[in-house]
Amino acid sequence: MKKQIKNALPTAQNQSLVAARGVSDDVSLAQYIQMVQKIPVLTAQQEYQYASQWVNDRDQVAAEKLVASHLRMVVSVAYDFRNYGIPVGDLIASGNMGLMQALQKFDPDKGFRFSTYAMFWVKAEIYETILNNWSIVKIGTSANQKRVFFNLSRAKRALGIMDNNMSDEQTTRVADYLQVPAADVRRMATRMGARDVSLNTPINDEDGATDILSNLPDNRAPIDQTVEQMEFRRRGYELLQRHMADLPARDREILQARRLTQPAATLEILSQKYGISRERVRQIEERAYNKLRAAILADAQQ
């Protein structure tokens, strides 16, 4: 679907994606914004005509004109979210993807303007980009949490709350204002106030300051001990496999069922399986274990 939509976009739209990736390729962000501002705005009649041609006939020229005329709207929306720490170019790229999705799903016969319909898709893509890049830990998983994330600052300004650490009474007021549970407000406010910190961040601004990672204690065992333990386990496994194969089949099966399987088989189950008494099963287990242990110890001392 995205490939079909992309084929329907004008050159200006494709350039916008180039600009958003780094603003250093064929066209800069400033040049892109100037370019889209020169694209004429469609009248309601023209918009309906081009949308109908696209929906009914898949007229790509009509789709190009419809999308191009709304690129400035994406830029405007992207700039509304420029304070969330995401480059404006990335927000524009996300908004353009939302615009393309709106083009694919728009129905002009329902009486809505394309800009009204596309605004939902543009914001949805920008919201997703911000939430996915705000923190390495996923944030805003529910609708209420997303509402708090994007409206907390506005709600605090409207209520005259200037404190970063809100009291329980202030949290309740914000929750009532946003019509969400107070627990979501408290949880989201805490997460928004604790941004990710790189372990390579210098501890202070002094010259030669070390990073946090360099000062973390390493509680792991020395590498020589780790290698020695790994070799010991590997050697033990080889000896176990070798000498288990030397046991009679029934002895091997009983020993494995009783001592090498979780959960261990009961004496009752094994006595029924082999048609012998529980005491006889215990004796076979003990005999097989002693024989295996002696063989392994003798082999290990060589």
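Here are some worked exercises on a predicted model of a protein chain.

**Exercise 1. How many helices and strands does the protein chain have, and what share of its residues is buried?**

Step 1: Start with the secondary structure, which comes to 15 helices and zero strands.

Step 2: Turn to burial. The protein chain has 302 residues, and buried residues make up 35% of them.

Step 3: Now look at the outside. The accessible surface comes to about 19100 Å², and carbon and sulfur atoms own 50% of that surface.

Step 4: Finish with contacts along the chain. Take the contacts with a separation of 6 or more: residues 24 or more positions apart account for 56% of them.

**Exercise 2. Over which residues does pLDDT stay under 50?**

Step 1: Begin with the whole chain. The average pLDDT is 80, and 80% of the residues score at least 70.

Step 2: Next, find the stretch in question. For residues 1-26, pLDDT stays under 50.

Step 3: Check what the model shows there. It has 48 contacts beyond four places in sequence for residues 1-26.

Step 4: Decide how to read this. Where pLDDT is low, the predicted coordinates should not be taken in detail.

**Exercise 3. Which residues have the most contacts inside the largest nonpolar core, and which helix gives the largest share of this core?**

Step 1: Pick out the core. The largest nonpolar core holds 52 residues, and L99, I130 and F149 have the most contacts inside it.

Step 2: Ask where its residues come from. Helix α8, residues 114-134, gives the largest share of this core, with eight residues.

Step 3: Zoom in on I130. Leaving out residues up to four places away in sequence, I130 touches F81, Y84, I86, L91, F149 and F150.

Step 4: Look for a second core. Another one, of six residues, lies apart from the largest core; I254, A265, V281 and I284 are among its members.

**Exercise 4. Is V148 buried or exposed, and which residues is it in contact with beyond four places in sequence?**

Step 1: Locate the residue. V148 belongs to helix α9.

Step 2: Compare its accessibility with the cut-off. Buried means under 20% relative accessible area, and V148 has 0%, so it counts as buried.

Step 3: List its partners. Beyond its neighbours within four places in sequence, V148 is in contact with L178, V180, D184, V185 and M188.

Step 4: Take one partner, D184. V148 and D184 are 36 residues apart along the chain, while their C-alpha atoms are separated by 7.4 Å.

**Exercise 5. Are A93 and S69 buried or exposed?**

Step 1: Place A93 in helix α7, residues 88-105. Its relative accessible area is 18%, so A93 is buried.

Step 2: Compare A93 with V75. The two are 18 residues apart in sequence and 9.3 Å apart in space, C-alpha to C-alpha.

Step 3: Place S69 in the loop between α5 (60-68) and α6 (71-80). With a relative accessible area of 6%, S69 is buried as well.

Step 4: Name the contacts of S69. Not counting residues up to four places away in sequence, S69 touches I39, P40 and L42.

**Exercise 6. Which helix gives the most to the lining of the largest pocket?**

Step 1: Note the volume of the largest pocket, about 260 Å³.

Step 2: Read along the lining, which includes D80, Y84, W134, R157 and M192.

Step 3: Find the main contributor. Helix α9, residues 143-159, gives the most, with seven residues.

**Exercise 7. Where do R58 and Q179 lie, and which peptide bond is cis?**

Step 1: R58 sits in the loop between α4 (44-57) and α5. Its phi is near 55 degrees, a positive value in a residue other than glycine.

Step 2: Classify R58. Its relative accessibility is 42%, so R58 counts as partly exposed.

Step 3: Q179 is in the loop between α10 (168-178) and α11 (182-193). Its phi is positive too, near 60 degrees.

Step 4: Classify Q179. Exposed means over 50%, and Q179 has a relative accessible area of 65%, so it is exposed.

Step 5: End with the cis bond. The peptide bond from Q262 to P263 is cis, with omega near -5 degrees, and P263 is found in the loop between α13 (249-259) and α14 (267-274).

Notes
Residues are numbered from 1 along each chain as its sequence is written. This is a predicted model: local features need pLDDT of at least 70, side-chain atom pairs count only at pLDDT 80 or more; totals for chains, interfaces and linings use all residues. Side-chain values use heavy atoms; hydrogens and water are left out. A nonpolar core is a set of buried Ala, Val, Leu, Ile, Met, Phe, Trp, Tyr and Cys residues joined through side-chain atoms within 4.5 Å. Buried means under 20% relative accessible area, exposed over 50%, partly exposed in between (1.4 Å probe, protein chains only). Helices (H or I, at least four residues) and strands (E, at least two) are DSSP runs, numbered from the N terminus. Contact means heavy atoms within 4.5 Å. Accessible areas come from the Shrake-Rupley method with a 1.4 Å probe; for residues, only the protein chains shown count as cover. pLDDT is the predictor's confidence in each residue, from 0 to 100. On a 1 Å grid over the protein atoms alone, a cavity is a set of points where a 1.4 Å probe fits but cannot get out, and a pocket is an open set with protein on both sides within 12 Å along at least five of seven lines; lining residues have an atom within 4 Å of a point. Grid points are joined across faces, edges and corners, and a volume is the space filled by probe spheres set on the points.
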